[in-house]
Amino acid sequence: MKELALKYGCNPNQKPSRVFMADGNELPIEVVNGRPGYINLLDALNSWQLVRELREATGLPAAASFKHVSPAGAAVGLPLSDTLKHIYFVDDIPALDESPLACAYARARGADRMSSYGDFIALSDTCDKTTALIIKREVSDGVIAPGYTDEALEILRDKRKGTYNVIKIDPAYRPDPIERKQVYGVTFEQGRNEIRLDDPALLENVPTQNKNFTPEARRDLMIALITLKYTQSNSVCYVKDGQAIGIGAGQQSRIHCTRLAGQKADTWWLRQHPKVMALPFKEGIRRADRDNTIDVYISEEEHDDVLRDGQWQQFFTEQPSVLTLEEKRAWIAQNTKVALGSDAFFPFGDNIERAHKSGVEFIAQAGGSVRDDHVIMTCDKYGIAMAFTSVRLFHH
């Protein structure tokens with residue numbers, strides 16, 4: 001197939017719309033099911049690059065959950081603890097432990113479930129039955145992968161009354177080294193960003209007093225940097241145990257990236273608090289409603305909304321106790337060994353101060369700010385190991 005006609009572009013008024021290869025070659029994708037739209041394909045092709053690169057860098061199956069051309073989550077296929085299985089709503093998925101790909105998607109989807117609602121999924125490996133079972137139960141627009149088992153395809157084709165978008169991509173496809181796009185009738189041209197982020201040398205320039213990066217930290221920093229490579233800038237990514245736990249994308253200010261991503265990382269960690277784990281939900285409450293309710297329960301601004309009389313009865317069998325601000329702070333303080341990547345330099349130490357509050361102990365950033373000395377000093381205050389990569393990863 002050399003051309004794919006689309007219903008419309010970014011918005012219904014933007015017609016006509018299509019995707020095609022400018023050189024006349026066949027498209028590297030095959031629509032196996034459904035009818036993907038313009039934004040679906042932007043998400044699909046960006047997210048595929050991310051998981052392909054994670055797979056090559058780590059040797060592990062990888063998955064991403066994309067929304068509006070930025071990842072809400074990205075992860076590699078490490079085993080899940082019982083706690084993570086519970087908060088990701090996958091503790092009833094059969095054979096989950098036997099599918100690293102399913103574990104990767106459960107992690108990618110579970111990191112920021114509010115943002116992942118209605119996501120587009122990318123899988124680095126052939127989609128198996130277990131992964132398809134997780135996808136089937138979540139609200140999602142589609143999936144891209146290099147292949148699908150017969151069982152997985154049957155499950156996915158049954159989703160959304162048969163309209164679910166299933167795309168197969170040629171894993172051998174490599175684009176031309178020069179890429180182009182048009183803005184307001186003007187053609188932009190640049191070399192593709194082919195920088196390798198699995199190079200150990202990226203973490204060799206360590207100006208902080210603490211120079212110790214554990215093997216797990218090196219892996220997590222690499223995951224953070226690869227994730228940022230496909231995240232709309234400015235962007236910051238917190239990673240722990242092989243998965244992004246907070247991504248701040250598309251912010252004009254670096255500190256706002258760090259705060260947004262840190263807030264998401266804190267929410268991910270707070271979901272594991274015993275009080276949140278024990279919330280007495282009624283039977284039959286949908287996962288999306290549970291996510292929304294948990295988010296409000298955790299939120300400092302709206303905490304009382306789900307606990308006041310007449311409200312809690314909609315969701316719970318009994319009125320839960322308040323998760324106090326002191327309890328939240330004490331729990332967040334227990335999060336440790338978090339890695340953080342930034343797509344450009346930190347201009348001030350305020351970013352480090354915020355990152356420290358969310359358990360960050362390892363940082364990889366470009367360096368090169370006129371205030372690098374202040375950033376280094378702030379890292380040293382908290383014993384954080386930080387590397388200057390000298391690599392900027394803006395993505396627009």
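Here, partly exposed means a relative accessible area between the buried limit of under 20% and the exposed limit of over 50%. Every view below comes from a predicted model.

**View 1. Phe-188 and its nonpolar neighbours at the surface.** With a relative accessibility of 45%, Phe-188 falls between those two limits, so Phe-188 counts as partly exposed. Look for Phe-188 in strand S10, which covers residues 186-191. Together with Val-183, Tyr-184 and Val-186, Phe-188 makes a nonpolar surface patch of about 480 Å².

**View 2. Helix H7 and what covers it.** Helix H7 takes in residues 215-229, and at 1.5 Å a residue these 15 residues should span 21 Å; the C-alpha atoms at the two ends are indeed 21 Å apart, so the helix agrees with expectation. Most of H7 is covered, with eleven of its 15 residues buried. Among them are Ala-217 and then the whole run listed as Asp-220, Leu-221, Met-222, Ile-223, Ala-224, Leu-225, Ile-226, Thr-227, Leu-228 and Lys-229. What do the buried residues of H7 pack against? Their partners are helix H1 (38-58) plus five strands: S5 (70-76), S11 (235-240), S12 (243-249), S13 (338-342) and S14 (360-365).

**View 3. The nonpolar cores, with Val-143 picked out.** The largest nonpolar core holds 70 residues, and Leu-123, Ile-135, Val-143, Leu-156, Tyr-238 and Ile-363 have the most contacts inside it. Helix H3 (residues 100-110) gives the most to this core, putting in seven residues. A second core, separate from that one, has 48 residues, including Leu-6, Ala-74, Ala-244 and Ala-364. Zoom in on Val-143 and, leaving aside residues up to four places away in sequence, you'll find it touching Phe-120, Ile-121, Leu-123, Ile-135, Tyr-148, Leu-156, Tyr-164, Asn-165, Val-166 and Ile-167.

**View 4. Leu-307, a loop residue.** Is Leu-307 buried or exposed? Leu-307 has a relative accessible area of 6%, so it is buried. Leu-307 sits in the loop that joins helix H10 (287-298) to helix H11 (325-332). Pro-320 is 13 residues from Leu-307 along the chain, and their C-alpha atoms are 7.0 Å apart. Not counting residues up to four places away in sequence, Leu-307 touches Tyr-297, Trp-312, Gln-319, Pro-320 and Val-322.

**View 5. Three salt-bridge pairs.** Side chains of opposite charge can pair when their charged atoms come close. Arg-180 does this with Glu-189, their closest N and O atoms being 2.8 Å apart, and both residues are exposed. Next up, Arg-196 and Asp-198 form a salt bridge at 2.6 Å, N to O. Arg-196 is partly exposed because its relative accessible area is 48%, and Asp-198, at 26%, counts as partly exposed too. In the last pair, Asp-373 meets Arg-371 at 3.8 Å, N to O. Asp-373 counts as exposed at 52% relative accessibility, whereas Arg-371, with a relative accessible area of 33%, is partly exposed.

**View 6. A linked set of charged residues.** Which residues are linked in a network of salt bridges? They are Arg-109, Arg-113, Asp-119, Glu-138, Arg-271, Arg-287 and Asp-291. For the model as a whole, the count comes to 27 salt bridges.

Terms used
Residues numbered from 1 in each chain as written. Predicted model: local features only at pLDDT ≥ 70, side-chain atom pairs only at ≥ 80, totals over all residues. Heavy atoms only, no water. Helix = DSSP H or I, 4+ residues; strand = E, 2+ residues; numbered from the N terminus. Expected span 1.5 Å × (residues − 1). Buried < 20%, exposed > 50% of the residue type's maximum accessible area, 1.4 Å probe, protein only. Contact = heavy atoms within 4.5 Å. Patch = residues over 30% accessible without salt bridge, like charges linked within 9 Å, V, L, I, M, F, W, Y side chains within 5 Å. Areas by Shrake-Rupley, 256 points an atom, 1.4 Å probe, with all protein chains shown as cover. Salt bridge = Lys/Arg side-chain N within 4 Å of Asp/Glu carboxyl O. Core = buried A, V, L, I, M, F, W, Y, C linked by side-chain atoms within 4.5 Å.
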